[in-house]
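Work through the exercises below with the structure open beside you, and try each task before you read its solution.

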Amino acid sequence: MPHQNTIIAPSILSADFANLKNDIEMVNQSQAEWFHVDVMDGVFVPNISFGFPVIKAIQKYATKPLDVHLMIVDPDRYLADFKAVGAEVLTVHIEACTHLHRTIHAIKELGMKAGVAVNPHTSISLLEDLIEDIDLVCLMGVNPGFGGQKFIKQTVQKCAALKTLINSKQAACLIEIDGGVNEQTAKELIAAGADVLVAGNYVFGAANPTQAIADLKAIS
Ligand code: DX5
Ligand code: ZN
């Protein structure tokens, strides 16, 4: 069943960093629900984005929750630091965690929602024994590292299969899709059970970003 109220999370990675405050205020005033904040370490992914001082600056002006996506190795070292700069949802990659169960519970004990991101090649069957403990699964629609990449179309089937897994366990976990979201892919993903849509290039590359957010919201 399509959702009535899909959460839209614009990805700050595609914002204008020289005018970040303007873009934050645009999101504040838009129909988006969350800020998606991408942290890249140049090791887990072949790119480096930004760290604590920038997230702290975003938090200062953001009036909506920060959904922080860690594309970093060994994220356990920094969970408390991300809480301190305002993360409400903290997502780690399954591929970067040796003891994922421990990491998820550490995030929750710090008072954040715990997310697990899954690369395009990673099977969601790996989440079967943990799904009831996770607040959000982030399915990557692209190989992480860069905004503006082409959507990998198998993500739609993966989303539907994940929805089936969540329902079979009566889990309360949200499905987030990150990468390659546009009006067309959003329609298919919402029909397949997506709850949260991250959008970088589609929003910040648009002539009217507020309208682009409203257009995505109208699909949901
Ligand atoms: C990719 C990031 C995404 C990215 C999405 O590594 O995790 O959040 O910003 O960008 P678009 O929506 O442009 O594909
Ligand atoms: Zn992301």
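**Exercise 1. The pocket lining**

Which helices and strands each supply at least two residues of the lining of the largest pocket?

Solution. Keep in mind from the start that this is a predicted model. Begin with the space itself, since the largest pocket holds about 280 Å³. Next turn to its walls, where 25 residues form the lining, and Gly147, Gly148, Gly179, Gly180 and Gly200 are the closest to the centre of the pocket. Finally, look for the elements that contribute at least two residues each, which include the strands β2 (35-40), β3 and β8 (196-199) as well as the helix α7 (201-204).

**Exercise 2. The zinc site**

Find which residues coordinate the zinc ion (ligand 2), and work out why the arrangement of its donor atoms counts as octahedral.

Solution. First locate the coordinating residues, which are His36 through NE2, Asp38 through OD, His69 through ND1 and Asp178 through OD, at 2.0 to 2.3 Å from the zinc ion (ligand 2). Then place these donors along the chain, where they follow the spacing H-x1-D-x30-H-x108-D. Because His69 belongs to strand β3 (residues 66-71) and Asp178 to strand β7 (residues 174-178), this pair ties together parts that lie 109 residues apart in sequence. Now consider the angles: the six donor atoms subtend 69 to 170° at the zinc ion (ligand 2), and therefore the arrangement is octahedral. For six donors, the test asks that opposite donors be over 155 degrees apart and all others between 65 and 115.

**Exercise 3. Buried or exposed?**

Decide whether His69 and Asp178 are buried or exposed.

Solution. The cut-off to apply is that a residue is buried under 20% relative accessible area. His69 has a relative accessibility of 0%, so His69 counts as buried. Asp178, with a relative accessible area of 7%, is buried too.

**Exercise 4. Strand β4 and its neighbours**

Describe how strand β4 (residues 87-93) is covered, and how β4 is joined to β3 and to β5.

Solution. Start with the strand alone: six of the seven residues of β4 are buried, which leaves the strand mostly covered. On the pairing with β3, four bridges join the two strands, which run parallel, and Leu66 stands opposite Ala87 in β4. Between these strands the chain passes through helix α3 (residues 79-84), in a β-α-β crossover that is right-handed. Continue to strand β5 (residues 113-118), which runs parallel to β4 and is joined to it by five bridges, with His93 standing opposite Ala117 in β5. Here too a helix takes part, for β4, helix α4 (residues 100-109) and β5 make a right-handed β-α-β unit.

Note on methods. Residues numbered from 1 in each chain as written. Chains lettered and ligands numbered in written order. Predicted model: local features only at pLDDT ≥ 70, side-chain atom pairs only at ≥ 80, totals over all residues. Heavy atoms only, no water. Donors = N, O, S within 2.8 Å, 3.2 Å for Na, K, Ca; no water. Tetrahedral: all angles 85-135°; square planar, octahedral: opposite > 155°, others 65-115°. Buried < 20%, exposed > 50% of the residue type's maximum accessible area, 1.4 Å probe, protein only. Pairing = 2+ DSSP bridges. Right-handed = clockwise from strand over helix to strand, strands pointing away. 1 Å grid on protein atoms, 1.4 Å probe; cavity = no way out; pocket = protein on both sides within 12 Å on 5 of 7 lines; lining within 4 Å. Points joined across faces, edges and corners; volume = space filled by probe spheres on them.
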